[in-house]
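Student: I am new to this structure and would like a close look at a single part of it. Could you take me to a pocket and then show me what lies around the rings there?

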Amino acid sequence: MSEKKQIVAMLLAGGQGSRLVPLTKTTAKPAVPFGGKYRIIDFPLSNCINSDIDTVGVLTQYQPLELNDYLGRGEPWDMNLKFGGMHVLPPYEGEQGAEWFLGTANAIYQNLRFIRRYNPKYVLILSGDHIYKMDYRIMLQEHIDNEADCTISVIDVPLEEASRFGIMTTDSTGRITEFAEKPAHPNSTLASMGVYIFSTDKLIQYLNIDELDPDSDSDFGKNVIPRMLADGQRMFAYLYGGYWKDVGTLSSFWAANMDALGDVPELFLNDPGWKIYYRHGFTHPEYMGEDAEVTNSIIGDGGSLHGTVKNSVIFSDVAVRPQAAVRDSVVMDSAAIGEGATVDHAIVADHVTIGEGAVIGAPLDEDSELTVIGPNVEIPAGTKVAPGKIIATAEDLTDEKGGR
């Protein structure tokens, strides 16, 4: 009898991330850095390995080079196995050439051969752009106990936010009775997390049906799930009560980083019982000068801090010069904050240089807007970048005043 896996995970990591520009201008959204030393994709991958799921197909498409380099053969996640492990799956090369994934369902359909290779009873489908820590074993056990064809992980969201999600109504047993993708007038607050467990035979059946439908968008939320529900398949909601955030916008990305701060953070990154695995860099320890003041912040390796850092997430090899101040901000790898410069309520991408005395953003309050500086941008000395501005390239600085 051939070897088989109980469950195989398929991680959708090909998103363009247009709402995260400029952070995703040359990088796939799952490869965007997060939390001082991680990438977004580290979270679902770590969930898999912590949940004893050792076979993962990572479906890539948009700007895959950096993501592929980062994933390698899966060593940091203990997924470099002879049978199973991590496999990067780009759009399928067939007789007619490569065909881009047309939607989430089509992406899985194009990789059914990978799934069949391991002959799993269940398939876990994940998004590569969510920040959360979840034990998929508990969800799988509910799926088995319910004899479900599909189980969808949900969170309870405020009613005013429900129209942003796929929304489900369930009966007293948790069985899904209604599903609506981003309804204008939701009648429930159970929102899909984009985490699905399918019984493999049903998944294959409905992907084949969807592929033959010329009017389909090839999407799980828009097409596959509604069709299964209409056909009376056994579909259940799994209510997840932990931290979860879709970091698909600049403001949600900033907020998720801030959630990792504090003595009792909403997002606890140092949980010894649930490690977040990542590919380690090779750099020297951080250095804090005599006049450095650091409060309630995450500091990555290799930095040189001589100024003030407060309520911020600082990545590796960041320099904060004397009299400079960084507050309520995310500063990514190899950025340099010049002497006397201030950065408030901002995202500063990698390899940014902020000149002496420059002012980025404004102090955080309920009305202040997030300021964003894109990768490799150089902010001249004395420049003032107004709150809410997005500086993707040097050309975006033409309207800024001072020091030019």
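Tutor: Here is a walk through one pocket, the aromatic rings, a helix and a few backbone details. The model is predicted, so local features need pLDDT of at least 70 and side-chain atom pairs count only at pLDDT 80 or more, while totals for chains, interfaces and linings use all residues. Residues are numbered from 1 along each chain as its sequence is written, and side-chain values use heavy atoms, with hydrogens and water left out.

Let us start with the second largest pocket, which has a volume of about 720 Å³. A pocket here is an open set of points on a 1 Å grid over the protein atoms alone, where a 1.4 Å probe fits and protein lies on both sides within 12 Å along at least five of seven lines; lining residues have an atom within 4 Å of a point. The volume is the space filled by probe spheres set on the points, which are joined across faces, edges and corners. The lining has 32 residues, and G36, K37, Y38, Y278 and S316 lie nearest the centre. Two strands, β3 (38–39) and β18 (298–299), each give the lining at least two residues. Strands are DSSP runs of E with at least two residues, and helices are runs of H or I with at least four, numbered from the N terminus. Sorted by class, the lining holds 14 nonpolar, 12 polar and six charged residues. In this sorting Ala, Val, Leu, Ile, Met, Phe, Trp, Tyr, Cys and Pro are nonpolar, Asp, Glu, Lys and Arg are charged, and the others, Gly among them, are polar.

Now for the rings. Rings of Phe, Tyr and Trp (its six-membered ring) pair if their centres lie within 6.5 Å; planes under 30 degrees apart are stacked, over 60 edge-to-face, and the rest tilted. That rule gives 10 aromatic pairs. In one of them, the centres of the Y38 and F43 rings are 5.9 Å apart and the planes stand at 65°, so this pair is edge-to-face. Y38 and F43 are both buried, a word that means under 20% relative accessible area, with exposed over 50% and partly exposed in between (1.4 Å probe, protein chains only). Ring pairs also join Y38 and F43 with F34, F253 and Y278 in a cluster.

F253 leads us to helix α8, where it is one of the buried residues, alongside L250, S252, W254, A256, N257 and M258. Seven of the nine residues of α8 are buried, so the helix is mostly covered. Within α8 (residues 250–258) sits S252, which counts as buried because its relative accessibility is 14%. A polar atom of the S252 side chain lies 3.5 Å from the backbone nitrogen of G248. Leaving aside neighbours within four places in sequence, S252 is in contact (heavy atoms within 4.5 Å) with K245, D246 and V247.

Finally, some loops. P22 is in the loop between β1 (7–12) and β2 (33–34), and the peptide bond from V21 to P22 is cis, with omega near 15°. S218 has a positive phi, near 55°, although it is not glycine; it is buried, with a relative accessible area of 8%. N376 has a positive phi too, near 65°, but N376 is exposed, at 56% relative accessible area.

How values were computed
Polar contact = N/O pair within 3.5 Å; in protein donor to acceptor, adjacent residues only side chain to side chain.
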